[in-house]
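Colleague: I would like a close look at a single part of this protein, one strand and what surrounds it. Please take me through it in one connected answer.

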Amino acid sequence: MNLFIFHGLILFGFSMMIMPETFAFEQTWSQSQSQSMLLMEPEIQTKKCRYFRDKTMLTCNCQSLNLAKIPSNLDRNIEVLDFSFNRLVTINKDTFSRFTSLKYLDLHDNFLKKIEDSAFDPLQDLMVLDLSNTLSEKLPKGLFNLPRLEKLYIEENELTEAIFKSEVTSPLTIIQASKNSIKKFPNFGPLPTLIYFNISENHIEKININDIASYCKLKTLDLSKNPISFDDNTCDCQYFNSWIKHHNITVRPNFQCSTKLHCMEKFTNETLSLYQECEEIIKEKIKSEKAKSTWILVLSCVSGSLLCIFFILYCIHRRNKKRHRKLKKAQQLATTNANTELLNGNQEQT
């Protein structure tokens, strides 16, 4: 019995000696496993932007990668960047400074709370910009002066009419500005390139001909779901409908005018002046393009003439060089023949 107790005490002591080591090993293994999981987790979560060619343009797709900033290692020659459905909050003046070849930029469904005024200035070739559903409250001043910007999507934001107070020089053809907080119809000044303007689901209450007279190429205007009303004691509604009919503009919704007034189809000098100012810009642009084309044609003709003269001179030079080579070869042959005859004569005399 004592022997049994003695062996039991020995086993108990031995187990007490190895338990701390076993516990320490298990703790170390657990920590190493957790650390390896922490190290592996980012690798599992890491997603890279994809590159491909779309109609010969180098395209970068960073959609839905949960990114908070534009990666600094993107190819600087990309022409299309899809950065939608991410967590971009701020766009600084240097954010796009490397990507001067960008033509299409999609940033919709981000959380843009700050865009510096010169943030888009480096993008002088940008043609399409999508800032829809980004919670934006204002836009940078330089945005409307990009020289090639044609399509702007800014719907579903918190923008007001204050963003449109800047002078617009960009050749915008499409503006999508629905579902914002705009209370007054935007006054861009003359905008001869605008064809489609969607400003539906805002808070605009009034509109008249002068608001749209500066858009002399406008074809579609969407004003639906705005609380717009016309004064029944004036002819504003009739004049508005007459204008859009005369200029083939599709407007949504169709405004039903009061029939108690008999209004003549008459437009004020101010309205006509606004429209003519817009048309004059188009005419000047056409003149400028014609002058540019003329200069290009003249320079092409001059360059072609110079090329022809150069080619003729080159041919003359080649012919003279060839003639000179033949003459020299004939002289060398004659000299050789003379030397041969002289040598033969000397041998006969000897």
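Modeller: What follows is a description of one strand, its partners and the core beside it. This is a predicted model, in which local features need pLDDT of at least 70, side-chain atom pairs count only at pLDDT 80 or more, and totals for chains, interfaces and linings use all residues. Residues are numbered from 1 along each chain as its sequence is written, and side-chain values use heavy atoms, with hydrogens and water left out.

The strand is β2 (57-61), where strands are DSSP runs of E with at least two residues, numbered from the N terminus. Five of the five residues of β2 are buried, so the strand is largely enclosed by the rest of the structure; buried means under 20% relative accessible area with a 1.4 Å probe, protein chains only. Both faces are covered, with M57, T59 and N61 buried on one side and L58 and C60 buried on the other.

Strand β1 (residues 50-54) pairs with β2 in the antiparallel sense over five bridges, pairing being called when DSSP finds at least two bridges between two strands. R50 stands opposite N61 in β2, and two residues separate β1 from β2 in a hairpin whose turn includes K55, with a positive phi of about 55°. Strand β3 (residues 80-82) is paired with β2 in the parallel sense over three bridges, and there N61 stands opposite D82.

Leaving aside neighbours within four places in sequence, L81 is in contact (heavy atoms within 4.5 Å) with residues including C60, C62, I70 and F96.

How values were computed
Helices (H or I, at least four residues) and strands (E, at least two) are DSSP runs, numbered from the N terminus. Buried means under 20% relative accessible area, exposed over 50%, partly exposed in between (1.4 Å probe, protein chains only).
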